[in-house]
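I opened this entry to note the fold, the burial and the cysteines of one protein chain. The structure comes first, then what I looked up.

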Amino acid sequence: IRYEVKPSNKRYIPKSVRQRVLNRDRYRCVKCSSQKDLQFDHNVAVANGGSNEEDNVQLLCKRCNLRKGVS
């Protein structure tokens with residue numbers, strides 16, 4: 001049996017959540033539909049009380065994620 005080792009980093013998004021987000025967002029940026037340089041983004045930052053749950057994570061391309069800035 002293989003177990004996923006959870007890093008101590010609070011921003012770590014479990015593999016199962018990442019896979020569900022990829023499928024939900026159809027492997028595209030939710031802002032511009034790009035399929036290049038995709039990144040997982042927290043809607044509400046973990047530092048601001050956000051979670052690593054599927055409903056708080058979205059796919060953004062690098063460009064849109066940088067444009068979003070810190071909220």
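I started with burial: of the 71 residues in the protein chain, 27% are buried. The model is a predicted one, which I note here before going further.

Next I looked up the exposed surface. The protein chain exposes about 5,600 Å², and 48% of that area is supplied by carbon and sulfur atoms.

Then I turned to the fold. I find two helices and two strands in the protein chain. Read from the N terminus on, the order of the elements is α-β-β-α.

I also checked how contacts are spread along the sequence. Among contacts in the protein chain with a separation of 6 or more, 51% are between residues 24 or more positions apart.

The last item was the cysteines. How many disulfides does a search of the whole structure find? The search finds zero.

I looked at cysteine 29 in that light. Cysteine 29 is in no disulfide, and its nearest cysteine sulfur belongs to cysteine 64, 3.8 Å away. A disulfide needs the two sulfur atoms within 2.5 Å, so a pair at 3.8 Å does not count. Is cysteine 29 buried or exposed? I enter cysteine 29 as buried, because its relative accessibility is 3%.

Cysteine 32 was next. Cysteine 32 is in no disulfide either; the nearest cysteine sulfur is that of cysteine 61, at 3.7 Å. I enter cysteine 32 as partly exposed, because its relative accessible area is 43%.

Notes:
Residues are numbered from 1 along each chain as its sequence is written. This is a predicted model: local features need pLDDT of at least 70, side-chain atom pairs count only at pLDDT 80 or more; totals for chains, interfaces and linings use all residues. Side-chain values use heavy atoms; hydrogens and water are left out. Helices (H or I, at least four residues) and strands (E, at least two) are DSSP runs, numbered from the N terminus. Buried means under 20% relative accessible area, exposed over 50%, partly exposed in between (1.4 Å probe, protein chains only). Contact means heavy atoms within 4.5 Å. Accessible areas come from the Shrake-Rupley method with a 1.4 Å probe; for residues, only the protein chains shown count as cover.
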